[in-house]
Amino acid sequence: MKRRWTVTNETDHGRTPATHGSRIDAYVDRYAARATGMVASEIRALFAVASRPEVVSLAGGMPYVTALPLDVVGELVADLVNRRGPEALQYGSGQGDPALREQICEVMRMEGIDAGADDVVVTVGSQQALDLITRIFVDPGDIVLAEGPSYVGALGTFSAYQAKVVHIAMDDQGLIPESLAQTIYALQASGQRIKFLYTIPTFQNPAGVTLNLVRRRQVLEICQKAGILVVEDNPYGMLGFDGEPLRALRADDPDGVVYLGSFSKTLAPGFRVGWALAPHAIRQKLVLAMESAVLSHSTFTQLAVGQYLATQPWREQIKTFRELYRERRDALLGALETLMPEGCTWTKPAGGFFVWMTLPEGLNSKAMLPQAVDKRVAFVPGTGFYADGSGSRHMRLSYCYPQPDRIREGVRRLAGVIEEELRTVEMFGTRSRGGHSGVDTPGPDLA
């Protein structure tokens, strides 16, 4: 005989029906504290509209995977299943396929990194590597230093683990070492715990700027002296438009830098293969955290990437991507120079995917977005790249995905929106700032 159970809440006055949170979410009072800030912003709803084909999206950070030899990739995958199917479709190591880890070390040598495969941990894109690093280092209330502006996906991760993000000022040459040193001194003097500096030193997302070689040495020296770990995120380092890849921070400080890499931009994000290169003790913790999260990464995608690296001219493919993105960068910069109203300024990236634009005084990019989408053009407001929701005069423009003609048309539409906003400000005063309720997370196609 089955026993029927009912759930009630005990009170001093007897039994009352159990509460189930709100009518919208029955579990609202049961989530962990760290889930409180995990909410979709209003930007997500707008980008559902912005993904329609009639909208020119200057928002998305999606690589142009159509430039890959897709027939060759298809044959490679089919061959993998035919020859190594039982292995490829089985569980694998929590640290990652040993052969792929050796190949990753070969890729990193292009940036001056001399590393052993034993200290590489393969992850589900570099985003998971960032999550694992944050998980093993950050307690609620700990400080994470990050460039201002910073990658929206990183800010979402730090928020999820209840870190306090303190932004370090940047200029056209990247993170400003003096600002870093002053911030570290002030925080340590007040007794606050800094767990690490998160930085994208090369073709930064969202600003597009690159930390110069002199500053790279200065940043490492400042962090070494203060005893602060550096987390170097480098998804765009191979996609420079002028010369060879820059020397990575990790190349000059193997013990003080955790390096995050990814094949999402140089091969395809659909494989979801990234990695972390870490000092040995940290590597051990990363493997344990990786195994607790997913047991093991996809053996199939690891072997597919490994076979691509072993059999295809991947360096030549990266050159193809570089030239393609250079053409689109030039189309965006040329259109901005020709069409943007006076008072707008922007960065001039030497690689990567993004331009960071500053609007004239009185304009608010987040408040402008609905009007822009209505005019069939999309961008990412600058507020998404600051933990405190500042950055309202800025926007990120991406040139990686649209064709050059579409980029120019998108800029024409955007310039019209900005001119209309300027007329509104001139007539009625400063545009409404709009609210902010936490870290904006537009979604993976816009990261």
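Begin by selecting strand 10 (257-262) and strand 11 (274-277), which pair in the antiparallel sense over four bridges. Across this pairing, Leu260 stands opposite Ala276 in strand 11. The model is a predicted one, with an average pLDDT of 90 for the protein and 88% of the residues scoring at least 70. Colour the chain by pLDDT and turn to residues 1-21, where the value is below 50 and where the stretch has 21 contacts in the model beyond near neighbours in sequence. Where pLDDT is low, the predicted coordinates should not be read in detail.

**The eight-stranded sheet**

Stay with strand 11 and show its side chains: Gly274 and Ala276 point one way, Trp275 and Leu277 point the other way, and all are buried. Next add strand 4 (120-123), which pairs with strand 11 in the antiparallel sense, again over four bridges. In this pairing the bridge partner of Val122 is Trp275 of strand 11.

Now widen the selection to the whole sheet, an open one of eight strands in the order 4-11-10-9-8-5-6-7, with mixed pairing. Its edge strands are strand 4 and strand 7 (174-175), each of which pairs on one side only. For a parallel pairing within this sheet, select strand 8 (residues 194-199) and strand 9 (residues 229-233), which are joined by four bridges. Here Thr199 stands opposite Glu232 in strand 9.

Two helices that pack on the sheet can be shown next. Helix 6 (residues 177-189) touches strand 5 (143-148), strand 6 (164-171), strand 7 and strand 8, and its direction makes about 155 degrees with that of strand 6. Helix 8 (residues 280-294) touches strand 4, strand 9, strand 10 and strand 11, with a direction at about 25 degrees to that of strand 4.

**A proline after strand 9**

Follow the chain into the loop between strand 9 and strand 10, and select Pro235 there. Is this proline buried or exposed? Pro235 counts as buried because its relative accessibility is 9%, which falls under the 20% cut-off. Leaving aside residues up to four places away in sequence, Pro235 touches Ile200 and Lys265. If you draw a distance from the C-alpha atom of Pro235 to that of Gln204, you will read 9.2 Å between two residues that are 31 apart along the chain.

**The four-stranded sheet**

Move on to a second selection, an open sheet of four strands in the order 12-13-16-15, with antiparallel pairing. Strand 12 (345-346) and strand 15 (380-381) stand at its edges with a single partner strand each, so one side of each has no neighbour in the sheet. Two bridges join strand 12 to strand 13 (residues 354-358), and these strands run antiparallel; Thr345 stands opposite Thr358 of strand 13. Add helix 10 (residues 314-339), which packs on this sheet by touching strand 12, strand 13 and strand 16 (394-398), and whose direction makes about 20 degrees with that of strand 13.

**Aromatic rings**

Finally, show the aromatic side chains, among which the structure holds 10 aromatic pairs. One of them is formed by Tyr64 and Tyr401, an edge-to-face pair at 5.8 Å centre to centre with 65 degrees between the planes. The pair links distant parts of the chain, 337 residues apart: Tyr64 is in the loop between strand 3 (56-57) and helix 2 (70-88), while Tyr401 is in the loop between strand 16 and helix 12 (404-428). Tyr64 counts as buried at 15% relative accessibility, whereas Tyr401, at 39%, counts as partly exposed. Keep Tyr64 on screen and add Arg328, which lies over the face of the Tyr64 ring at 4.1 Å from the ring centre.

For another edge-to-face pair, select Phe158 and Tyr198, which are 5.6 Å apart centre to centre and have 75 degrees between their planes. Phe158 belongs to helix 5 (residues 152-160) and Tyr198 to strand 8, so that the pair links parts of the chain 40 residues apart. Phe158 is buried, with a relative accessible area of 0%, and Tyr198 is likewise buried at 0%.

As a last stop, select Tyr236, Phe321, Tyr325, Phe353 and Phe354, which ring pairs link into a cluster.

Definitions and conventions:
Residues numbered from 1 in each chain as written. Predicted model: local features only at pLDDT ≥ 70, side-chain atom pairs only at ≥ 80, totals over all residues. Heavy atoms only, no water. pLDDT = per-residue confidence, 0-100. Contact = heavy atoms within 4.5 Å. Pairing = 2+ DSSP bridges. Axes fitted to C-alpha atoms, helices over the stretch in contact; angles between N-to-C directions. Buried < 20%, exposed > 50% of the residue type's maximum accessible area, 1.4 Å probe, protein only. Phe/Tyr/Trp six-rings, centres within 6.5 Å; stacked < 30°, edge-to-face > 60°. Lys NZ or Arg CZ within 6 Å of the ring centre and 35° of its normal.
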